[in-house]
Amino acid sequence: MMRSLYSGVSGLNIHQTRMDVIGNNISNVNTVGYKAQKVSFSDLFYQTTQIASGASTDGTKGGSNAKQVGLGASVSQISINITDRGGSQSTGNALDMMINGDSFFVIQKDGANYYTKAGNFTTDGNGNLVTGSGNYVMGYTAARNEEGDYYLQQDELRPISIYGTYDTTDPAQTTEVNMAGNINPQDEDFAAGKAGYKSCNLFLFDSLGNKYGVQINATPVADNPNQYTLTPAKVMIGTEATEDVTAQFNGADSVTIEFDPTTGHIVSDPASFELTFTDAGGAALDSFQLPINVDFSTMTSFGAKTSMAANPGALGTHEGEGKAVGKMISLGVSDNGSIVASYSNGDTVTIGQLVTAKFSNAAGLEKLGDNLFGETLNSGDLTLQTIDAAGESISGGVVEMSNVDLAGEFVDMIVTQRGFQANSRVITVSDSMIEELLSLKR
């Protein structure tokens with residue numbers, strides 16, 4: 001009689017455990033990166049009242065099965081549904097990320113590495129990429145070489161930094177300028193009483209990122225209508241004109257170019273000149289470490305509208321066009337986990353790359369709360385690698401939601417409630433039978 005009581009008690013306990021797990025799943029239905037759990041039962045050991053016997057050798061008696069009375073049930077395992085991916089939710093936040101695969105983000109907490117599927121990241125006061133609880137997100141970070149260019153340090157994992165270190169990129173001096181356009185010798189501005197010249201503005205940068213403007217005047221040579229004098233007439237620093245700095249072509253106040261009167265193409269050799277800047281004392285400006293090559297070889301002298309324009313950079317390229325100091329204006333995450341910053345001067349820099357973790361038996365990981373998993377003896381081999389090396393990808397501006405099947409949890413809740421109710425009936429009925437037994441002495 002007592003065995004059924006203890007069987008009923010064991011049934012109540014395991015169904016209560018199952019209900020606890022169901023309640024935890026439902027409470028985390030909207031937790032980013034949460035992985036649902038499931039309880040499995042197994043029967044307990046048995047009391048054998050008669051062992052099994054085989055048939056007699058003479059065939060006079062058959063065999064009989066063992067007689068056993070079970071002593072209840074137990075929880076065999078509480079498993080994690082680690083492989084099913086939760087739904088994706090778009091957030092519009094560039095620092096939110098989702099792994100399209102089985103890998104985990106690597107998180108550092110109190111100096112130790114942990115793992116998570118929750119990619120709802122933010123930044124701390126030092127510009128580091130962190131979880132909502134302030135734990136560091138780990139990966140490869142960028143450093144600068146001797147030339148000032150960024151490169152990824154792949155020798156070890158470090159906390160990924162977003163702001164502070166990478167707020168700006170270095171400026172670069174302009175070294176090449178392509179002058180394009182057309183000079184029409186019949187342009188009425190060349191006539192007497194007019195300006196007598198046509199001009200355009202040339203903009204460039206020194207090595208400190210300061211923007212300079214130079215007005216280039218093209219004036220016809222009086223005794224040769226196919227020749228023009230080019231004069232750097234005015235210098236501006238930023239938006240202000242200055243008389244303290246002057247510009248020269250090939251160390252002279254002006255140079256001359258010539259066009260073929262038959263073809264209208266330039267015949268000057270050379271057709272490129274070195275533009276330099278000097279201060280009021282005639283010394284070269286230190287912020288221009290190299291002379292600027294200004295190329296006029298594509299200029300024409302057709303019977304069309306006079307128009308001159310300066311296109312920074314060598315012909316057909318952007319090489320040597322120079323740039324101002326770059327200020328970070330946006331961030332993005334590529335599918336290979338690279339964090340790419342865009343800057344106001346046109347630079348794009350990979351300032352970090354996420355490194356993910358993959359386990360041979362991810363279901364063996366231990367839940368530690370705060371959306372973190374920890375390694376166990378049964379989680380198998382750990383591989384740390386970039387997401388593309390794992391054959392997976394990362395989506396930016398998206399997070400992975402929980403993989404809790406709410407409908408399934410409600411069904412399990414009903415079944416668990418009925419199981420608990422049935423086991424409580426076993427206890428009450430067993431108690432009634434004991435009461436009947438005790439009443440026999442009356």
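Which residue is the bridge partner of R144 in β12? In this predicted model, the bridge partner is Y150. That pairing is a handy place to start, since R144 belongs to a strand pair with a turn worth a look.

**The β11-β12 hairpin**

Strand β11 covers residues 136-144 and strand β12 covers residues 150-159. The two run antiparallel, and 6 bridges join them. Together they make a hairpin with 5 residues between the strands. If you're scanning backbone torsions, stop at G148: this turn residue has a positive phi of about 90 degrees. There is some charge chemistry around here too, as D155, E156 and R158 are joined into one network by salt bridges that share partners.

**An open sheet**

Next up is a sheet of 5 strands, which is open and has mixed pairing. Reading across, the order is β19-β21-β22-β14-β23. The edge positions go to β19 (246-249) and β23 (307-312); each has a single partner strand, so one side of each is left without a neighbour in the sheet. On average, neighbouring strands of this sheet are turned by 25 degrees against each other, direction ignored.

Inside that order, β21 (residues 272-278) and β22 (residues 292-295) run antiparallel and are joined by 4 bridges. Want a landmark for this pair? F273 stands opposite V294 in β22. When you look at side chains on strands, keep in mind that in a regular strand they alternate between the two faces of the sheet.

**Aromatics**

Now for the rings. The structure holds 13 aromatic pairs. Take F104 and F373: their ring centres are 5.7 Å apart and the planes are at 65 degrees, which is over the 60 degrees needed, so the pair is edge-to-face. F104 sits in strand β7 (residues 104-109) and F373 in strand β28 (residues 372-374), so this contact ties together parts that are 269 residues apart in sequence.

Are these two phenylalanines buried or exposed? F104 is buried, at 0% relative accessibility, and F373 is buried as well, with a relative accessible area of 3%. They also have company: F104, Y115, F359 and F373 form one aromatic cluster.

F104 has a charged contact as well. The charged end of K117 sits over the ring of F104, 5.1 Å from the ring centre. A similar arrangement turns up at F203, where the charged end of K211 sits over the ring, 5.1 Å from its centre.

**Salt bridges**

A search of the whole structure finds 9 salt bridges. Here are some of them, with the N to O distances.

| Lys | Asp or Glu | N to O distance |
|---|---|---|
| K35 | E400 | 2.7 Å |
| K198 | D187 | 3.9 Å |
| K323 | D347 | 2.9 Å |

The K35-E400 bridge spans a long stretch of chain. K35 is in the loop between α1 (2-27) and β1 (37-43), while E400 is in strand β31 (residues 398-400), so the pair ties together parts that are 365 residues apart in sequence. How accessible are the partners? K35 counts as buried at 1% relative accessibility, and E400 is buried with a relative accessible area of 1%.

For K198 and D187, the separation along the chain is 11 residues. K198 lies in strand β15 (residues 198-205), and D187 lies in the loop between β14 (176-182) and β15. Both come out as buried, with K198 at 19% relative accessibility and D187 at 15%. The cut-off for buried is under 20%, so K198 at 19% still counts as buried.

The K323-D347 bridge links distant parts of the chain, 24 residues apart. K323 is in the loop between β23 and β24 (326-333), and D347 is in the loop between β25 (338-343) and β26 (348-359). Accessibility splits this pair: K323 is partly exposed, with a relative accessible area of 24%, whereas D347 counts as buried at 16%.

**One exposed loop residue**

The loop between β14 and β15 is also the place of E188. E188 is exposed, with a relative accessible area of 54%. How far is E188 from S393 in space, C-alpha to C-alpha? The two are 63 Å apart in space, and 205 residues apart in sequence.

Note on methods: Residues are numbered from 1 along each chain as its sequence is written. This is a predicted model: local features need pLDDT of at least 70, side-chain atom pairs count only at pLDDT 80 or more; totals for chains, interfaces and linings use all residues. Side-chain values use heavy atoms; hydrogens and water are left out. Rings of Phe, Tyr and Trp (its six-membered ring) pair if their centres lie within 6.5 Å; planes under 30 degrees apart count as stacked, over 60 as edge-to-face and the rest as tilted. Buried means under 20% relative accessible area, exposed over 50%, partly exposed in between (1.4 Å probe, protein chains only). A charge sits over a ring if NZ of Lys or CZ of Arg is within 6 Å of the ring centre and within 35 degrees of the ring normal. Two strands pair if DSSP finds at least two bridges between them. Axes are lines fitted to C-alpha atoms, for helices over the stretch in contact, and angles run from 0 to 180 degrees between N-to-C directions. A salt bridge is a side-chain nitrogen of Lys or Arg within 4 Å of a carboxyl oxygen of Asp or Glu.
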